[in-house]
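Here are my notes on this one, as promised. Have the model open while you read.

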Amino acid sequence: MSKQFLILGLLALSLSSHAQTKFQPQDTEFYSPVPPIVKTSAHAAPSDAIVLFDGSNLNEWQSDKQKDQAASWTINKDILTVKPGAGAIRTTREFEDFQLHLEWRSPEVIKGEGQGRGNSGVFLQGKYEIQILDNDDNKTYVNGQAGSIYKQSAPLVEVRKPDNGWHTYDIIYTAPRFNENGQLLKRGVVTLLHNGVLVQNNTELQGTTEYIGMPKMIAHGKGPIILQDHGNPVSFRNIWIRELK
């Protein structure tokens with residue numbers, strides 16, 4: 001008997017043996033480890049989230065310009081608004097992989113066009129910008145409109161603002177990984193739902209999001225969340241983050 005026929009015979013015998021095995025439902029059930037419990041309620045952060053802004057204070061934020069200087073944006077009626085000229089603000093904590101939720105609204109008085117209308121942004125780990133912009137009937141480059149990874153990846157669809165004017169971003173982020181020599185092991189990945197609509201689907205980051213020039217691949221560890229001051233009074237509310245492990 002040839003080696004080939006011997007192998008085929010053993011394979012047929014193995015398949016026949018498996019076919020005769022009678023599995024029970026419990027054979028494919030397991031009961032540990034038990035997932036931790038997360039409590040949720042309408043319009044509130046999950047119980048395991050870090051609340052970055054709930055309308056009460058800016059304790060989780062500081063100036064991006066001046067280290068350890070308090071953030072000076074405006075809070076009015078539980079809403080945080082960019083104070084033009086004050087500069088970006090950043091979280092006092094740093095993060096790696098996470099789920100981030102935030103709500104934002106364009107300025108009530110519409111001014112400018114293109115990138116000059118309702119412009120802000122949220123920077124993941126301080127390096128990778130998810131664009132915030134007043135999209136409605138406002139022509140601009142597609143990889144710079146709301147829901148884009150700025151200057152890298154246009155959104156899958158253009159999402160317009162809801163009746164109440166408040167947009168939501170839900171971002172699932174896996175940070176890039178580098179070895180001890182700073183060499184890239186794995187690119188960062190972003191999934192973004194804009195008002196519940198998928199606009200970035202496991203999109204790989206090409207590097208930093210640059211205004212001029214190509215993305216740069218810079219080795220780094222944990223980093224902050226940064227909200228951009230682009231000179232427009234964009235507003236924010238209900239910002240929370242869940243660290244993913």
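1. Strand S15 is the main contributor to the lining of the largest pocket, giving three residues. Keep in mind that this is a predicted model. The pocket itself has a volume of about 230 Å³. Its lining counts 14 residues, and those closest to the centre are His43, Ala44, Ala45, Asn238 and Trp240. If you want to colour it by element, strands S1 (50–53), S6 (98–105) and S15 (235–243) are the ones that give two or more residues to the lining.

2. Next, the sheet. Five strands make an open, antiparallel sheet, and the order across it is S2-S5-S14-S7-S8. S2 (61–63) and S8 (128–132) each have a single partner strand, so they sit at the edges with one side lacking a neighbour in the sheet.

3. One pairing inside that sheet can be checked by eye. S5 (residues 89–91) and S14 (residues 226–227) run antiparallel and are joined by two bridges. Look for Ile89, which has Leu227 of S14 standing opposite.

4. Now the surface. Which residues form a nonpolar patch there? They are Leu156, Val157, Val197 and Leu198, and together they have about 310 Å² of accessible area.

5. A closer look at one patch member: Leu198 belongs to strand S13, which covers residues 197–204. Is Leu198 buried or exposed? Neither, strictly: its relative accessibility is 34%, so Leu198 counts as partly exposed, a class that lies between under 20% for buried and over 50% for exposed.

Key:
Residues are numbered from 1 along each chain as its sequence is written. This is a predicted model: local features need pLDDT of at least 70, side-chain atom pairs count only at pLDDT 80 or more; totals for chains, interfaces and linings use all residues. Side-chain values use heavy atoms; hydrogens and water are left out. Two strands pair if DSSP finds at least two bridges between them. Helices (H or I, at least four residues) and strands (E, at least two) are DSSP runs, numbered from the N terminus. Patches are made of residues with over 30% relative accessible area and no salt bridge: like charges are joined within 9 Å, nonpolar side chains (Val, Leu, Ile, Met, Phe, Trp, Tyr) within 5 Å. Accessible areas come from the Shrake-Rupley method with a 1.4 Å probe; for residues, only the protein chains shown count as cover. A salt bridge is a side-chain nitrogen of Lys or Arg within 4 Å of a carboxyl oxygen of Asp or Glu. Buried means under 20% relative accessible area, exposed over 50%, partly exposed in between (1.4 Å probe, protein chains only). On a 1 Å grid over the protein atoms alone, a cavity is a set of points where a 1.4 Å probe fits but cannot get out, and a pocket is an open set with protein on both sides within 12 Å along at least five of seven lines; lining residues have an atom within 4 Å of a point. Grid points are joined across faces, edges and corners, and a volume is the space filled by probe spheres set on the points.
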